[in-house]
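Hi,

Here is the structure I promised to pass along. Have a look first, and my notes are underneath.

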Amino acid sequence: MNATKVLDAKGLACPMPVVRAKKAMDELQSGQVLEVHTTDKGAKNDLPAWAKASGHTVLDIKEDNGVLMFWIQKG
């Protein structure tokens with residue numbers, strides 16, 4: 001998937017992946033995609049909930065070797 005910006009939030013605990021994702025998303029234009037990498041298992045629920053509440057769309061979620069990867073399109 002083609003991401004406009006990649007955010008490395010690995011090693012950060014809740015709520016930092018969401019805080020960093022919000023800051024990164026503020027720099028994007030509507031329709032652009034943010035790719036987030038995190039090792040925080042809570043992000044599996046937190047990031048989609050934040051995205052929905054903020055008007056963004058989660059395009060895909062994958063897990064590889066303990067790293068969660070999210071692709072979120074700015075609303």
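**What I found**

Let me start with helix α1, where the buried residues pack against β1 (5-9), β2 (33-38), α2 (43-53) and β4 (67-73). Keep in mind that this is a predicted model.

The helix itself covers residues 16-26, and its buried residues are Pro-17, Val-18, Ala-21, Ala-24 and Met-25. These five sit on the same side of α1, because they cover an arc of only 125° around the axis. If you want the background, an α-helix has 3.6 residues a turn, so residues three or four places apart point the same way. Turn to the face away from the buried side and you will find Lys-23 and Asp-26, which are exposed. Lys-22 is in α1 too, and it counts as partly exposed because its relative accessibility is 44%, with the cut-off for exposed being over 50%. To place Lys-22 in the chain, its C-alpha atom is 12 Å from that of Ala-9, which is 13 residues away along the chain.

Next, the sheet. It is an open one with four strands in the order β1-β2-β4-β3, and the pairing is mixed. The edges are taken by β1 and β3, each with a single partner strand, so one side of each has no neighbour in the sheet. From one strand to the next, the twist averages 15°.

I spent some time on β4. This strand is mostly covered, with six of its seven residues buried. Its pairing goes like this:

- With β2, the sense is antiparallel and there are six bridges. Val-36 stands opposite Phe-70 in β4, and His-37 is opposite Met-69 in β4.
- With β3, the sense is again antiparallel, over seven bridges. Here Val-58 is opposite Ile-72 in β4.

What lies across β2, β3 and β4? That is α2, which runs at about 5° to β4. As I said above, α2 is also among the elements that the buried residues of α1 pack against.

Two backbone details are worth a look on your screen. As general background, most residues other than glycine have a negative phi, and most peptide bonds are trans. Against that:

- The peptide bond joining Cys-14 and Pro-15 is cis, with omega at about 5°. You will find Pro-15 in the loop between β1 and α1.
- Asn-65 is not a glycine, yet its phi is positive, at about 60°. Its place is the loop between β3 (57-64) and β4. Those two strands form a hairpin with two residues between them, and Asn-65 is in the turn.

Is Asn-65 buried or exposed? It counts as exposed, because its relative accessible area is 78% and the cut-off is over 50%.

If you only have a minute, I would look at the buried side of α1, with Pro-17, Val-18, Ala-21, Ala-24 and Met-25, then at β4 with its six buried residues out of seven, and finally at the cis bond between Cys-14 and Pro-15.

Cheers

Conventions. Residues numbered from 1 in each chain as written. Predicted model: local features only at pLDDT ≥ 70, side-chain atom pairs only at ≥ 80, totals over all residues. Heavy atoms only, no water. Buried < 20%, exposed > 50% of the residue type's maximum accessible area, 1.4 Å probe, protein only. Arc of directions from axis to C-beta. Contact = heavy atoms within 4.5 Å. Pairing = 2+ DSSP bridges. Axes fitted to C-alpha atoms, helices over the stretch in contact; angles between N-to-C directions.
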